[in-house]
Amino acid sequence: MENVCKIGVIGTGFVTKMMHIPGIAKTKKCVIQGFYDIKKDLAEEAKSLYLSLLEKNKNPVLDIALKTTKIYGTLEEMMADVDVVDICTPPKYHMDNIKFAVEHGKHVICEKPLAINWWTLKAYQDVLKKMKDQKLKFMLHTQGIWHPLIKEGRDLIASGTIGDIIKIRILHQGADIKKHTVNLAPLWDKFHGGGGALVDIGPHAFAGMWYWLGGNCETEAVEAKLLKAVVPVRTIAGVPNTKVMVDDDAHVTITWKDPAGRIITGDMEASWNKKDWFEGKPAGTDIFYEARGTKGTISFPHIVFSMAKPFGIAVAIKIVDNEGKVKLVKFPIPKKRIEDVVFFDEVADVVAGKVESRNDARFAEDMLQVFGAAYLSRKKGGKVTTLREFKDYATGIANKFPTAGEQIKGIIADLFDGF
Ligand SMILES: NC(=O)c1ccc[n+]([C@@H]2O[C@H](COP(=O)([O-])OP(=O)(O)OC[C@H]3O[C@@H](n4cnc5c(N)ncnc54)[C@H](O)[C@@H]3O)[C@@H](O)[C@H]2O)c1
């Protein structure tokens with residue numbers, strides 16, 4: 001219990017209560033030193049939830065938490081106590097909080113996406129550099145890639161099961177999550193999040209693609225196949241007939257280059273309401289991963305009945321070789337939200353220098369460039385758009401405005417022109 005990693009949580013809304021607190025309350029490697037939220041009552045609720053879950057889980061960390069976990073009145077006080085700052089505020093505030101953490105020499109966990117758009121990072125280049133120079137760790141929280149079965153899929157690919165990847169496609173959707181998506185009005189405001197489903201749920205699909213591709217491929221260009229409000233009018237936060245002003249469904253093709261210079265096509269779908277593939281075919285699940293290589297195809301998840309071990313209902317990774325021979329790699333149905341525990345176990349290991357961060361700041365910045373290029377591609381009628389083209393375009397728009405705030409808004413307004 002001596003060497004637990006001390007975490008300070010900033011922002012105690014939906015994601016903190018749904019994922020971060022339950023995950024940290026299960027690991028024995030971390031303790032939450034305290035919470036900070038601009039709404040103090042929400043921080044109090046978070047603390048009660050944390051202590052009650054530690055107790056429910058019979059987690060010995062409870063002994064420490066009962067003595068240490070507090071509500072902070074200022075971020076300054078938090079910095080004196082923690083190893084890692086866990087940023088769970090809306091994306092608009094991520095970079096300011098990262099700046100504060102880095103200035104105090106703290107490691108950072110940040111909820112996805114890193115910022116509302118790529119241009120935002122311009123004003124924080126010195127912060128990102130300092131983080132790198134001081135070897136402070138950074139982890140973008142996109143929990144899917146911490147799911148043990150997503151890792152199994154990646155390991156199978158890395159071991160050469162399907163040869164060299166030619167094409168990959170990944171779907172992530174959160175259809176009308178009643179407690180969240182349709183209830184949180186700001187999510188549907190492009191100036192709040194930088195866009196719609198693409199920037200909100202797309203980080204999970206993008207992270208999954210990056211991870212299955214080995215975490216060492218470069219993004220080259222993006223094509224928006226479908227990026228629109230498929231349901232143009234809906235009830236949002238209890239208000240009927242609200243006009244949707246952001247994408248609720250995003251089908252985007254990313255051109256990747258692997259370290260050997262081979263081109264890989266990556267189709268991703270991020271959706272708040274539908275789960276259809278590019279062909280319009282229903283995917284049947286909320287997430288779906290499929291990679292086609294020179295020797296065959298791998299896909300996940302498949303729910304199967306198993307006579308062998310594990311007996312009964314199992315979840316499978318399916319491998320089909322080039323002759324059509326099918327192999328199912330079966331696993332017991334995993335525990336719900338296991339990825340949150342794996343994530344926070346790994347946070348402690350990353351901070352201790354035992355493992356590298358799976359998705360560092362470069363990855364997080366890359367993601368924002370890809371999303372920006374996708375929105376520009378949409379504006380150009382679906383034209384394939386390189387990241388360079390996007391960055392030049394965004395710079396041109398930004399140059400029309402005097403302040404960073406106006407530049408960020410100006411770029412968003414421009415990319416969503418005619419939406
Ligand atoms: N990983 C996931 O699956 C997942 C799911 C939902 C949200 N998220 C991400 O989590 C982040 C938060 O989203 P949410 O849905 O929890 O939002 P939320 O609105 O429910 O919670 C945000 C909290 O931050 C607080 N806050 C706002 N500004 C602050 C500031 N400057 N300092 C301190 N506290 C501040 C608010 O009072 C609120 O309690 C976003 O980046 C979002 O994209 C991730």
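Reader: Which residue stands opposite V108 in β6?

Author: This is a predicted model, so everything here is read from predicted coordinates. V108 sits on strand β5, residues 107-111, and β5 pairs with β6 in the parallel sense over four bridges. The residue in β6 that stands opposite V108 is F138.

Reader: What is the order of the strands in the open sheet of six?

Author: The pairing in this open sheet is parallel. Strands of a sheet pair through backbone hydrogen bonds, either parallel or antiparallel. Reading across the sheet, the order is β3-β2-β1-β4-β5-β6.

Reader: Which strands stand at the edges there, and why is one side of each left without a neighbour?

Author: Each edge strand has a single partner strand, so one side of it has no neighbour in the sheet. The two strands in that position are β3 (70-71) and β6 (138-141).

Reader: Which helix lies across β2 and β3, and at what angle does it run to β2?

Author: Look at residues 40-56, which form helix α2. Strand β2 covers 30-36, and the helix lies across both β2 and β3. The helix is α2, and its angle to β2 is about 160°.

Reader: Where does P113 lie, and is its peptide bond from K112 cis or trans?

Author: P113 is in the loop between β5 and α6, the helix at 125-133. Most residues other than glycine have a negative phi, and most peptide bonds are trans. For the bond from K112 to P113, omega is near -20°, and the bond is cis.

Reader: What about the bond from F300 to P301, cis or trans?

Author: P301 lies in a strand, β14, residues 296-306. The omega from F300 to P301 is near 0°, and that bond is cis.

Reader: Is K135 buried or exposed?

Author: K135 lies in the loop between α6 and β6. Its phi is near 55°, a positive value in a residue other than glycine. A residue with 12 or fewer other C-beta atoms within 10 Å counts as exposed. K135 has 8 such neighbours inside 10 Å, so the verdict is exposed.

Reader: And A237, buried or exposed?

Author: A237 is in the loop between β9 (233-236) and β10 (239-243). A237 is not a glycine, yet its phi is positive, about 50°. There are 12 other C-beta atoms within 10 Å of A237, so this residue is exposed.

Reader: How many of the nine residues of β12 are buried?

Author: Strand β12 runs over residues 263-271 and is mostly covered. Strand β7, residues 165-173, runs parallel to β12 and is joined to it by seven bridges. Strand β11, residues 249-257, runs antiparallel to β12 and is joined to it by nine bridges. Of the nine residues in β12, the buried ones number seven.

Reader: Which residues of β12 partner R169 and A250?

Author: From the β7 side, the bridge partner of R169 in β12 is D267. From the β11 side, A250 has its opposite number in β12 too. That residue, standing opposite A250, is A270.

Reader: Which residue in the turn between β11 and β12 has a positive phi?

Author: β11 and β12 form a hairpin, with five residues between them. The residue in the turn with a positive phi, about 90°, is G261.

Reader: How far apart are the centres of domain 1 and domain 2?

Author: Domain 1 is made of 5-142 + 340-365, and domain 2 is 144-337. Taken over C-alpha atoms, their centres are separated by 25 Å.

Reader: Which helix gives the most to the side of domain 1 that touches domain 2?

Author: The contact takes 18 residues from domain 1 and 17 residues from domain 2. On the domain 1 side, α1 (14-24) and α11 (338-351) each supply at least two residues. That side divides into 10 nonpolar, three polar and five charged residues. With four residues, the helix that gives the most is α11.

Reader: What is the radius of gyration of the chain?

Author: The chain has 14 helices and 17 strands. For 419 residues the globule rule gives 22 Å, and the chain's value is close to that, so the chain is as compact as a globular protein of that length. The radius of gyration is 21 Å.

Reader: What share of the 419 residues is buried?

Author: Along its principal axes the C-alpha trace spans about 65 × 60 × 50 Å. Among contacts with a separation of 6 or more, 72% come from residues 24 or more positions apart. The buried share of the chain is 44%.

Technical notes:
Residues numbered from 1 in each chain as written. Predicted model: local features only at pLDDT ≥ 70, side-chain atom pairs only at ≥ 80, totals over all residues. Domains from an automatic or database assignment. Contact = placed C-beta atoms within 7 Å. Nonpolar A, V, L, I, M, F, W, Y, C, P; charged D, E, K, R; others polar. Rg over C-alpha atoms; globule rule 2.2 N^0.38 Å. Buried ≥ 20, exposed ≤ 12 C-beta atoms within 10 Å, placed from the backbone. Pairing = 2+ DSSP bridges. Axes fitted to C-alpha atoms, helices over the stretch in contact; angles between N-to-C directions.
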